[in-house]
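Please take a moment to look over the sequence and the structure below before reading on. The paragraphs that follow lead from the overall layout to the sheet, then to the helices that pack on it, and finally to one loop residue.

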Amino acid sequence: MEGEVTSATLGEFTAKLLDGKLQPHLKSEPTPETNDGPVTIVTGNTFDEIVLAEDKDVLLEIYAPWCGHCKQLEPIYKKLGKKFKNTDSVVIAKMDGTANEVELLNIEGFPTIMFFPAGEDSEAMDYDGERTVKGFTKFLKKNAAIPFKLEKKSKDQAEESAEETGYAKDEL
């Protein structure tokens with residue numbers, strides 16, 4: 001209940017509660033002013049617009065800023081976002097699960113990675129594969145509702161990617 005607590009406001013609140021007319025108050029961070037990085041930032045307020053968009057396949061990481069596994073996944077997930085940056089039908093997204101709530105989600109641990117296929121009545125699925133760029137890419141190719149083709153990496157991009165990860169370019 002928000003606002004001043006009086007017998008009148010309490011009575012009004014209780015009546016709405018019993019009639020099933022109350023909407024739950026869910027946490028949400030402010031909507032980012034820009035969202036043009038390799039990984040799209042989702043908030044409680046933008047979840048439906050971004051994640052449930054019928055014309056996009058969305059891979060969503062729900063993370064906690066203090067989570068060690070989430071921190072370990074961050075550079076891999078960012079690299080995945082860069083890989084799919086020019087693929088209009090696929091969105092690589094993340095949401096801070098400690099600062100945003102969504103009625104649709106029941107998060108039990110961090111990171112939780114879910115896939116939301118494009119389409120009106122599509123069902124979300126948990127991702128439980130390898131937490132590698134290759135693993136995520138394979139999963140997306142198999143499960144995307146909208147077929148896509150990835151741009152081939154130029155020699156310079158492959159070398160830059162190898163430098164970022166410390167792997168030789170033929171190991172990527």
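**From layout to core**

Read along the sequence, the protein follows the pattern α-β-α-β-α-β-β-β-α-α, which comprises five helices and five strands. The model is a predicted one, and what is said here describes that prediction. Of the 172 residues of the protein, 33% count as buried, while the exposed surface comes to about 11500 Å², with carbon and sulfur atoms supplying 48% of it. Among the contacts between residues at least 6 apart in sequence, 66% join residues that are at least 24 apart.

The sheet is a good place to start. Its five strands form an open sheet in the order 1-3-2-4-5, and their pairing is mixed. Strand 1 (40-41) and strand 5 stand at the edges, and each has a single partner strand, so one side of each is left without a neighbour in the sheet. At one of these edges, strand 1 runs parallel to strand 3 and is joined to it by two bridges, with I41 standing opposite K94 in strand 3.

Two helices pack on this sheet. Helix 3 touches strand 2, strand 3 and strand 4, and its direction makes about 160° with that of strand 2. Helix 4 touches strand 2, strand 3, strand 4 and strand 5, and its direction makes about 25° with that of strand 4.

Strand 4, which both of these helices touch, deserves a closer look. Strand 2 and strand 4 pair in the antiparallel sense over five bridges, and within this pairing I113 in strand 4 is the bridge partner of E61. Strand 4 is also joined to strand 5 by two bridges, again with the strands running antiparallel, and here M114 stands opposite D126 in strand 5. How many residues of strand 4 are buried? Five of its five residues are buried, and the strand is thus described as mostly covered. T112, M114 and F116 point one way from strand 4, whereas I113 and F115 point the other way, and all are buried.

The helices also meet each other. The axes of helix 3 and helix 4 come within 9 Å and cross at roughly 50°. That angle makes helix 3 oblique to helix 4, and the crossing in which helix 3 passes helix 4 is right-handed. The residues that meet there are L73, I76, Y77, K79, L80 and K83 in helix 3 and V133, F136 and T137 in helix 4.

Those three residues of helix 4 reappear when burial is considered, for the buried residues of helix 4 (residues 133-143) are V133, G135, F136, T137, F139 and L140. An α-helix has 3.6 residues a turn, so residues three or four places apart point the same way. The cover over the buried residues of helix 4 includes helix 3 (68-83) together with strand 2 (57-63), strand 3 (90-96), strand 4 (112-116) and strand 5 (125-126).

A last stop is L105, which lies in the loop between strand 3 and strand 4. Is this loop residue, L105, buried or exposed? L105 has a relative accessible area of 13%, and because buried means under 20%, L105 counts as buried. Leaving aside its neighbours within four places in sequence, L105 is in contact with F47, I62, M95, M114 and F116. Of these, I62 is 43 residues away from L105 in sequence, yet the two lie 9.9 Å apart in space, C-alpha to C-alpha.

Definitions and conventions
Residues are numbered from 1 along each chain as its sequence is written. This is a predicted model: local features need pLDDT of at least 70, side-chain atom pairs count only at pLDDT 80 or more; totals for chains, interfaces and linings use all residues. Side-chain values use heavy atoms; hydrogens and water are left out. Buried means under 20% relative accessible area, exposed over 50%, partly exposed in between (1.4 Å probe, protein chains only). Helices (H or I, at least four residues) and strands (E, at least two) are DSSP runs, numbered from the N terminus. Contact means heavy atoms within 4.5 Å. Two strands pair if DSSP finds at least two bridges between them. Axes are lines fitted to C-alpha atoms, for helices over the stretch in contact, and angles run from 0 to 180 degrees between N-to-C directions. Accessible areas come from the Shrake-Rupley method with a 1.4 Å probe; for residues, only the protein chains shown count as cover. Angles under 35 degrees count as roughly parallel, over 145 as roughly antiparallel, 65 to 115 as roughly perpendicular and the rest as oblique. A crossing is left-handed if the near helix is turned anticlockwise from the far one by less than a right angle, and right-handed if clockwise.
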